[in-house]
Structure formats: structure tokens, C-alpha cells
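Dear colleague,

I am passing on to you the structure shown below. The notes that follow it set out what was found, beginning with the overall fold and ending with a single residue.

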Amino acid sequence: MKRMIVLLFLLVILAACAEEEKGNESLTITPIELTEREKELVSATGITHIEYFEMNGSLGEGEDLVTKFTYYKDGEYLKGGSKMYGALETTYEEDLLSFAMLTDDDLAHLYMGNANGLGGSKATIPEDLGMSTYGGLSEKHTLVKGEETYVAYWVASGGNSISSGGIGDPTKLPEVIKEEDYAIVMSVEVKDKEDINH
């Protein structure tokens with residue numbers, strides 16, 4: 001009987017260790033809905049728009065988290081903007097990831113923040129754009145190494161209407177990006193450090 005109890009005890013410990021090891025190499029991102037008071041506080045800073053996400057899990061050995069902005073014009077990739085990598089923290093427990101934008105005439109000030117720091121970029125907004133909208137990840141998503149995940153975007157149109165489509169499958173570029181005149185997209189990706197193009 002003692003042998004049976006010891007054997008069961010060892011099996012439980014091994015199962016727990018296997019589950020812990022599995023959990024340590026996965027990373028999830030979940031959108032955070034701000035309260036009305038929090039929205040008021042953010043609007044008092046002058047930030048045009050901000051999206052917050054919560055991250056949980058861990059990077060595997062030799063992995064890094066890459067956060068970046070990319071730009072699209074008439075639905076086509078225009079160029080890559082700023083990129084943040086070099087994770088000091090590799091384990092995340094309710095850590096924040098944010099995408100923020102402040103517009104000033106024809107300039108967009110972009111900010112990305114996570115547990116490892118804050119990065120920023122500026123983008124010139126084309127003059128003939130009138131309407132714009134934002135979108136972001138709407139539900140929890142598990143990041144897969146080597147697979148870019150689109151978490152937030154800003155799109156603008158020179159016409160009298162604009163699509164307000166959200167992010168469906170976060171591993172695919174949202175359709176609204178392909179339909180409108182100009183877009184700024186924020187994405188995150190888990191990559192092997194050696195594969196990050198410096």
C-alpha cells in the first residue's frame with residue numbers, strides 16, 4: 001500500500017512539473033477594458049488613444065519579445081517603424097503592454113510600453129486624410145513563436161466614410177488595414193534572439 005501511495009505521489013509531482021514546464025514557455029496577451037474613471041485620467045494627458053493589454057507567462061530560453069510599429073498606405077506595406085526588443089524580464093505576471101498615440105497636426109507620436117520599458121516613434125500623417133478610427137485585440141490570445149500577432153491599429157481615410165472593423169484572427173492583418181488609405185499597426189512577436197534582425 002505504501003508503495004502505491006509513493007508511486008501516486010511521484011506521478012502527481014511529475015505531472016505538476018510537466019505542466020509547470022509547459023506553462024513557462026507560453027505567453028498570453030489579453031486586452032484590458034478601462035473603467036470610465038481611467039478613461040478620464042488618460043484623456044487628461046492629451047493622449048489621443050491608448051490600448052492596454054495584460055501579459056502572462058514566460059519566454060523560453062533564448063527567446064525575446066519584439067514589439068513594433070508598421071505603416072501601410074492604400075493597403076500596401078509602406079515601411080517598418082520603431083521596434084523594441086531585448087527583454088530584461090522574461091517572466092510576465094499581469095504585466096502591461098500598451099499602444100498609445102497622440103496626434104499633433106500632421107504628426108503622430110506613437111508609444112509602445114511593456115515590462116521592459118517604453119519606446120516611441122513619430123510618423124508623418126498624409127495631409128488628405130480626414131476620418132480615422134482605432135481597433136485592437138478583443139480577446140485573450142496565446143503568442144506562438146515566429147508568428148506575428150497584431151494587437152492594435154489606427155486607420156485613416158481621405159473619404160467621407162471609414163470601416164470600423166476590428167481584429168478577427170490576430171495572426172492575420174485586419175481587413176480594414178487593406179481597405180483604408182493609411183494605417184499604423186502595432187504587433188508583438190516571440191522570436192529566437194538570434195533571428196532578430198538588428
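From the N terminus on, the order of elements in the protein is α-β-α-β-β-β-β-β-β-β-β-β-α-β. That comes to three helices and 11 strands. Please bear in mind that this is a predicted model. The protein has 198 residues, of which buried residues make up 38%. Among contacts with a separation of 6 or more, 66% are between residues 24 or more positions apart.

Strand pairing

One pairing may serve as an introduction to the strands. β6 and β7, the latter covering residues 117-124, run antiparallel and are joined by eight bridges. The connection between β6 and β7 is a hairpin, made through two residues. Asn114 has Gly117 in β7 as its bridge partner.

The nonpolar cores

The largest nonpolar core holds 31 residues, and Ile29 and Ile184 touch the most other members. Two or more residues of this core come from each of β1, β2, β3 (63-73), β5 (91-104), β6 (107-114), β10 and β11 (182-192). β11 provides the largest share, with five residues. Leaving aside residues up to four places away in sequence, Ile184 touches Phe69, Thr70, Tyr71, Met101, Ala108, Leu110, Ala123, Ala152, Tyr153 and Trp154. There is also a second, separate core of 10 residues, and Tyr72, Val155, Ile167 and Ile177 are included in it.

The pockets

Which elements each supply at least two residues of the lining of the largest pocket? They are β1 (27-32), α2 (36-43) and β2 (49-58). With four residues, β2 gives the most to this lining. The pocket itself has a volume of about 260 Å³. Its lining consists of Pro31, Ile32, Glu33, Leu34, Lys39, Val42, Ile47, Thr48, His49, Ile50, Glu51 and Tyr52. By character, these residues divide into seven nonpolar, two polar and three charged.

The second largest pocket has a volume of about 170 Å³. It is lined by 14 residues, and those closest to its centre are Asp105, Ile125, Leu129, Gly130 and Trp154. Two elements, β8 (131-136) and β10 (149-157), give two or more residues to the lining. Of the elements, β8 gives the most, with three residues. The lining of the second largest pocket is made up of seven nonpolar, four polar and three charged residues. Trp154 thus appears twice in these notes: it is among the residues closest to the centre of this pocket, and it is one of the residues that Ile184 touches.

A closer view of Thr30

Finally, I would draw your attention to one residue of strand β1, Thr30. Is Thr30 buried, exposed or partly exposed? Thr30 counts as partly exposed because its relative accessible area is 23%, and buried would require a value under 20%. Not counting residues up to four places away in sequence, Thr30 touches Tyr52, Phe53, Glu54 and Lys140. Thr30 and Glu54 are 24 residues apart along the chain, and their C-alpha atoms are separated by 5.1 Å. Tyr52, which Thr30 touches, also belongs to the lining of the largest pocket.

With kind regards

Technical notes:
Residues numbered from 1 in each chain as written. Predicted model: local features only at pLDDT ≥ 70, side-chain atom pairs only at ≥ 80, totals over all residues. Heavy atoms only, no water. 1 Å grid on protein atoms, 1.4 Å probe; cavity = no way out; pocket = protein on both sides within 12 Å on 5 of 7 lines; lining within 4 Å. Points joined across faces, edges and corners; volume = space filled by probe spheres on them. Nonpolar A, V, L, I, M, F, W, Y, C, P; charged D, E, K, R; others polar. Core = buried A, V, L, I, M, F, W, Y, C linked by side-chain atoms within 4.5 Å. Buried < 20%, exposed > 50% of the residue type's maximum accessible area, 1.4 Å probe, protein only. Contact = heavy atoms within 4.5 Å. Pairing = 2+ DSSP bridges.
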